[in-house]
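I opened this notebook to record what I looked up in one structure. The entries follow the order in which I worked.

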Amino acid sequence: MKKALLFYMILMSISCQKSSPDHVTPKTTTTSNGMQLDYEKRIDSLLNLMTLEEKIGQMNQYSGFWDATGPSPKAGEDADSKYKDLKKGLVGSMLNVKGVAQIKALQKIAVEDTRLGIPLIFGYDVIHGFKTTGPIPLAESASWDLETIKKSAENAAEETAASGINWTFAPMVDISRDARWGRVMEGAGEDPYLGSKIGVARVQGFQGDDLSSPKTIAACAKHFAAYGFAEAGREYNTADIGTSTLYNIVFPPFKAVTDAGVRTFMNAFNLVNDIPATGNVFLQRDVLKRDWGFNGFIVSDWGSIGEMTTHGYTNSDKQAAELAVKAGSDMDMESSAYVKELAQLVKEGKVEEALIDDAARRILRVKFELGLFEDPYRYCDADYEKTVVGEKSFHDDALDMAKKSIVLLKNENNLLPLKKEGQKIALIGALANDKTSPLGNWRIAADDGSAVSVIEGLNAYSGNTLTYAKGADVLTLDSKLSFVHEVTINETDKSGFSEAVSVAKTSDVVVMVLGEHGLQSGEGRSRTQIDLPGVQQSLLEEIYKVNQNIVLVLTNGRPLAIPWAAEHIPAIVEAWHLGVQSGNAIAQVLYGDYNPSGKLPMTFPKNVGQVPIFYNNKSTGRPDGETNDVVFWSHYIDESNAPLYPFGYGLSYTSFAYKNLTTRKTAARHITVTVELTNTGQVKGKEVVQLYIHDKYASTVRPVKELKGFELVALEPQETKTITFELTEAELGFYTGQGEYIIEPGEFDVFVGGDSNAKLSTTFSLD
Ligand code: BGC
């Protein structure tokens, strides 16, 4: 009764107290019963009722007592003490708790046992689907299909919310140019324009139009910032990055999702300009909160406040808490520095209470927007959970997304699509028979073994004879298949080779499924070799000796360097880690029931020594030389500069021709570009038409090419369409190293085509 009365007071209170330091515009929403909610006034009232410790409690996030996605809590910070903090109202959020039963139990403690009964917000890494896992984000990005990507996030949100969770730590919008870094699987690849569009699609999918709907969840843009620039691609390593690259390459997707209303941000483990991102005033206070007007909250990465001391930036948890809160980190994930140190820091006058109020206000705001104050159990309906999780329509959509994510890299002599009848097909590779690897990394709510394998997918086509031979394992048999453990690669066991060779010998076509296991990319999984792991390359070469009619299906979470295969193998299909419907999607593409249209969102190198390699590089003063007997130009003496497959590349079972590229100045800073695209082949297909510009001379040097538009176009055989792009101020300018957006007069090249090597070009000028 006392608690209910208090709630009523909070909800109805309209007294306006001191304003927040961030001067946000109050958001007013009308609820279903017509009550006008003015969150800011209600937060004022609530903050007035809260003790300093309770406000700091809102800034404290603990991992569930059941699961962990990072190093285990330090001694003393065990489940018991976390539980006690929860009961005292000293926890504002939990992560890694899933399922209505567990979430309801914890929410009940927060709501019924604490003094003010403020509901928890529950976060979870819903990176590519919840239970119904879809393709890894890098794969989805290869579709360049924003509507389908949005739908995929929408489904993930619905399934997640039905399980009691109201916040995902996604999308990761880190631009990544280094295939050695394991987390490239989690992002949209190397390009800031594509990355921005995909980031926005994902945020819109997760959050929808109404955050309080039981089908939507809050999104989180991470990792702010430059985490994708870890030196040498080694996880958690320092990022040494100039401000021009920061503003023009790293920030754009973060800015785009901020403008699209993303409600939370996560900072990063790395240093930026020698200051940990978590303690970085420039990133969090100046750029994000001041310049971009972000009024949601920033959560630290796992333990990253405490890790500032390990970096050598702070000398204790206490100083770390002080510098992190001053820098604008609002919520402490799992380092406990805030809950232990902040109150004392305020009492000593080292931290102003206004900073605590601001952080708590931001967190409470998102809780209000999620509708948690109206009904803290709104995501906790066990019957609803049962009907929604794993719903058939999610599987249908996951299949659709998976097919659209596949990229056809090579198809000599039209080996693909496979004939549907009368063929003897050999299927080789342990990954062809794997029902867990296709789930990829970051699929912590999915059940092991829940993916459709390639064998199962191909078996649905019964007109051919299919014989499977493993050939070789990718991982050793004692590898622990878990998110937190290292896997070990099979570097020696070739005992299955001879069986595979004899099956291949007597077959018409050999389908080989090779590549990385799903747990060889993701957090903590950097590689120095980005080839086919273990003995797979030699398996491929052994099979090639007896049958060259090979279709190589790659599964991987990063670009791979496969120069031998690219030269010798007639057909290569990039199938990433495609989620629960993986085998069905691959089979439908191999048999031509789906014509692939994916395009690479990251450059594939020939050689790991070329990494980082990306299409939007700057010209050197000594670019590609014409003669090869003079050495003084920018090159390697043992490898060409060209990638194996460029950014934006991907084939189809049909062919496309581009012609009649025109530009027209429609206003001083508005150029209309048109091009004609014809399907010149025999089957219908889709093409991602890509537009690149090159600002030829500028006050800071611009990349040799920059993607500034794309459109996914479907064409019947022999059909022609005219595609129109509008280049406006948003596309024509760039940021100075001081963060000023400018558009300069001068001449630009414009290129249009099916990949970043597009040759069809013309020029235009801005006055
Ligand atoms: C990762 C984050 C993730 C968090 C919570 C960290 O190790 O860097 O991306 O959201 O753990 O699981």
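Entry 1, a strand and its partners. I note that the model is predicted. I began with strand β21 (residues 685-695), which runs antiparallel to β26 and is joined to it by six bridges. I looked up one pair: Asp 695 has Phe 748 in β26 as its bridge partner.

I then turned to the other pairing of β26. Strand β27 (residues 760-766) pairs with β26 in the antiparallel sense, over seven bridges. Here I found Glu 747 opposite Ser 765 in β27. A hairpin of six residues connects β26 to β27. I also checked how covered β26 (residues 746-753) is, and six of its eight residues are buried.

Entry 2, a loop residue. I located Arg 263 in the loop between α9 (243-259) and β8 (264-267). Is Arg 263 buried or exposed? Its relative accessibility is 10%, so Arg 263 counts as buried, since the cut-off for buried is under 20%. Beyond its neighbours within four places in sequence, Arg 263 is in contact with several residues, including Gln 207, Leu 211, Phe 294, Arg 365 and Glu 369. I also compared Arg 263 with Cys 220: they are 43 residues apart in sequence, and their C-alpha atoms are 6.6 Å apart in space.

Entry 3, the largest pocket. I read its volume as about 940 Å³. It is lined by 28 residues, and the closest to its centre are Tyr 615, Asn 617, Asp 624, Asn 641 and Val 704. Sorting the lining by class, I recorded 13 nonpolar, 11 polar and four charged residues.

Note on methods
Residues are numbered from 1 along each chain as its sequence is written. This is a predicted model: local features need pLDDT of at least 70, side-chain atom pairs count only at pLDDT 80 or more; totals for chains, interfaces and linings use all residues. Side-chain values use heavy atoms; hydrogens and water are left out. On a 1 Å grid over the protein atoms alone, a cavity is a set of points where a 1.4 Å probe fits but cannot get out, and a pocket is an open set with protein on both sides within 12 Å along at least five of seven lines; lining residues have an atom within 4 Å of a point. Grid points are joined across faces, edges and corners, and a volume is the space filled by probe spheres set on the points. Ala, Val, Leu, Ile, Met, Phe, Trp, Tyr, Cys and Pro count as nonpolar, Asp, Glu, Lys and Arg as charged, and the others, Gly among them, as polar. Buried means under 20% relative accessible area, exposed over 50%, partly exposed in between (1.4 Å probe, protein chains only). Helices (H or I, at least four residues) and strands (E, at least two) are DSSP runs, numbered from the N terminus. Two strands pair if DSSP finds at least two bridges between them. Contact means heavy atoms within 4.5 Å.
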